[in-house]
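Me: I've got a model with a ligand in it, and I'd like to learn how to read the site. Can you walk me through it?

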Amino acid sequence: MHNAAFAALGLNWRYLAFEVDPKNLRAAIEGARAMNFAGLNLTVPHKLLAVEMVDELDISAKVWGAVNTIRFEVQSSQPVEVRAVGFNTDADGLASSLREDLAVKLHGAKVLLLGAGGAGRTAALKLAAENVAELFLVNRTMSKAEEIAGEIKKQFPSVKISVGYPKAKVDLLLNATSLGLKPADGSPLDEKQFSLKQARAVYDMIYQPAETKLLAAAKAAGCETANGIGMLVQQGAKAFEIWTGQPAPVAVMRRAVEGSVYGV
Ligand code: ATR
């Protein structure tokens, strides 16, 4: 998606993928800095490790405790000094995708969130930071949902938060569990506890397969639906803007991602 975006804007830049063993992450970041790279993206398991390896953390990386984007900034040319600044675009990517792909207004919304792992925690805190009115957390291991609920109560006291399924309608049901990635997986939603007819929109952070069992059931129940491809595109678009300082050509990036993931 980045190479498509560079081409669309006529930038003579390249985006390359490298597989780096976690024990070599520091050396890889230093090597990229030494070779005058504009920046880096990092994925699991490097996002947490990189927090300790950059010179400065942007507020986004501080809040989420993880770095998925690094920008190398030239501080002075004599002697050459380049600083590595860490950002996190995942949470903003999710919020943008919810707005653009499902037309969800997060401010004042009622949301049921499934999952309390890494992705679930980021989603819960982002939803709270966007001032949702009410947040219901459900997770197989309930203690992890309780822990996140406690954190939100402290940080965002105006958000009504509870652990367990809602009794009334919600504006959004969001799946942040990994259940649905494998073909044999069932749905992460217990439909005996909550009917999909009670949700206006359903978002699944999984994008491969394009339609999980949850999304198929949600469509059949008449909900608006979207998968996580938009989050992938939007977090990339934000990284693109951090590196280039130019507005990202989001539609171009989305077409490139869909082409490579779904072959369309
Ligand atoms: P990620 O970084 O993708 O969030 P993770 O931190 O391993 O990955 O979290 C995976 C999430 O999917 C968790 O919410 C997990 O539930 P538990 O906290 O109970 O482990 C959920 N999950 C994974 N497999 C599941 C399954 N078979 N049934 C229900 N939930 C599942």
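**Reading the ligand site**

Reply: Sure. An oxygen atom of the ligand is 2.8 Å from a polar backbone atom of alanine 119, a polar contact (a pair of N or O atoms within 3.5 Å; within protein, one must be able to donate a hydrogen and the other to accept it, and residues adjacent in sequence count only if both atoms are side-chain atoms). This is a predicted model, where local features need pLDDT of at least 70, side-chain atom pairs count only at pLDDT 80 or more, and totals for chains, interfaces and linings use all residues. Residues are numbered from 1 along each chain as its sequence is written, and side-chain values use heavy atoms, with hydrogens and water left out.

Me: Which side-chain atom lies 2.4 Å from an oxygen atom of the ligand?

Reply: A polar one of threonine 141. For glycine 118, a polar backbone atom is 2.9 Å from a ligand oxygen.

Me: How much of the ligand's accessible area does the protein cover?

Reply: Areas come from the Shrake-Rupley method with a 1.4 Å probe, and for residues only the protein chains shown count as cover. Here the protein covers 63% of the 650 Å² that the ligand has on its own.

Me: Is aspartate 90 buried or exposed?

Reply: Buried means under 20% relative accessible area, exposed over 50%, partly exposed in between (1.4 Å probe, protein chains only). Aspartate 90 counts as buried because its relative accessibility is 14%.

Me: And what does its side chain join?

Reply: The side chain of aspartate 90 makes a polar contact of 2.8 Å with that of lysine 47.
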